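Visitor: I have a structure to look at, and I would like to learn how to read its features one at a time. Could you take me through them?

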Amino acid sequence: AELLRGCYQTCFRLAKDAKLKSIAFPAISTGVYGYPKEEAAAIALEEGRKHEKDFHEIRYICYSESDLNIYRTLWEKIKSS
């Protein structure tokens with residue numbers, strides 16, 4: 001979990017350093033590496049939430065309807081907390 005979290009943190013830092021205003025992420029590590037999708041999505045969204053003030057747009061690319069549902073459900077929980 002910490003390596004995945006660090007990956008997102010590094011990406012956000014590099015994008016911010018490059019003065020980018022948008023960034024997009026696939027579901028990192030959930031394919032061939034088999035990282036649990038719910039846990040990976042939670043990490044991605046938590047880290048994105050920390051950096052949303054620095055970007056106009058943060059996108060999370062979902063390749064299936066089930067992946068999209070995971071992100072939507074977790075986003076609603078994160079937004080309300």
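Guide: Let us begin with a strand, and keep in mind throughout that this is a predicted model. A useful habit is to ask which residues of a strand are covered and which are not; in strand β1, residues 22-25, the covered face holds I23 and F25, whereas the uncovered face holds S22 and A24.

Visitor: To which strand is β1 joined, and how do the two run?

Guide: Strand β1 is joined by four bridges to strand β2, which spans residues 57-60, and the two strands run parallel. If you would like one pair to look for, start from A24 on the uncovered face of β1 and go across to R59, its bridge partner in β2.

Visitor: How many helices and strands does the protein have, and in which pattern do they follow along the sequence?

Guide: There are three helices and two strands, and reading along the sequence gives the pattern α-β-α-β-α. The radius of gyration, a single number for how the chain is spread out, is 12 Å here, close to the 12 Å that the globule rule gives for 81 residues, so the protein is as compact as a globular protein of that length. Taken along the principal axes, the box filled by the C-alpha atoms is roughly 35 × 30 × 20 Å.

Visitor: What share of the contacts joins residues at least 24 apart in sequence?

Guide: If we take the contacts between residues at least 6 apart in sequence, 71% of them join residues at least 24 apart.

Visitor: How should I read burial, and is H51 buried or exposed?

Guide: Burial is judged from relative accessible area, and a residue counts as buried when that value is under 20%. H51, which lies in helix α2, residues 37-51, has a relative accessible area of 18% and is therefore buried. Setting aside residues up to four places away in sequence, H51 touches F12 and I58. Over the whole protein, buried residues make up 33% of the 81 residues.

Visitor: Is D67 buried or exposed, and which residues is D67 in contact with?

Guide: D67 belongs to helix α3, and its relative accessibility is 10%, so D67 counts as buried. Beyond its neighbours within four places in sequence, D67 is in contact with K37 and C62.

Visitor: Where in the protein is E76, and how accessible is E76?

Guide: E76 is found in helix α3, residues 65-80, and its relative accessible area of 46% makes E76 partly exposed, because that class lies between the buried cut-off of 20% and the exposed cut-off of 50%. Q9, in helix α1, is also a partly exposed residue, at 36% relative accessibility.

Visitor: How far apart in space are residues that are separated along the chain, such as E76 and K16?

Guide: Separation along the chain and separation in space are two readings, and it helps to write them side by side. E76 and K16 are 60 residues apart along the chain, with 26 Å between their C-alpha atoms. For Q9 and Y60, the separation is 51 residues in sequence and 15 Å in space, C-alpha to C-alpha. K53 and K21 are 32 residues apart along the chain, and their C-alpha atoms are separated by 9.9 Å. K53 itself is found in the loop between α2 and β2, where it is exposed, with a relative accessible area of 68%.

Visitor: What is there to notice about the backbone angle phi at K19?

Guide: The general idea is that most residues other than glycine have a negative phi. K19 is not a glycine, yet its phi is positive, at about 60°. K19 lies in the loop between α1, residues 2-17, and β1, and K19 is exposed, with a relative accessible area of 69%.

Visitor: What is the phi of S29, and where is S29 placed?

Guide: S29 has a positive phi of about 75°, although S29 is not a glycine, and its place is in the loop between β1 and α2. At 28% relative accessibility, S29 counts as partly exposed.

Visitor: Finally, what can be said of the surface and of the charges?

Guide: The accessible surface comes to about 5400 Å², and 56% of that area belongs to carbon and sulfur atoms. As for the charges, there are 13 positive and 12 negative ones, and their mean positions are 5 Å apart.

Notes: Residues are numbered from 1 along each chain as its sequence is written. This is a predicted model: local features need pLDDT of at least 70, side-chain atom pairs count only at pLDDT 80 or more; totals for chains, interfaces and linings use all residues. Side-chain values use heavy atoms; hydrogens and water are left out. The radius of gyration is taken over C-alpha atoms; the globule rule is 2.2 Å times the number of residues to the power 0.38. Buried means under 20% relative accessible area, exposed over 50%, partly exposed in between (1.4 Å probe, protein chains only). Contact means heavy atoms within 4.5 Å. Accessible areas come from the Shrake-Rupley method with a 1.4 Å probe; for residues, only the protein chains shown count as cover. Lys and Arg count as positive and Asp and Glu as negative; His and the chain ends are not counted. The place of a charge is taken as NZ of Lys, CZ of Arg, CG of Asp or CD of Glu. Two strands pair if DSSP finds at least two bridges between them.
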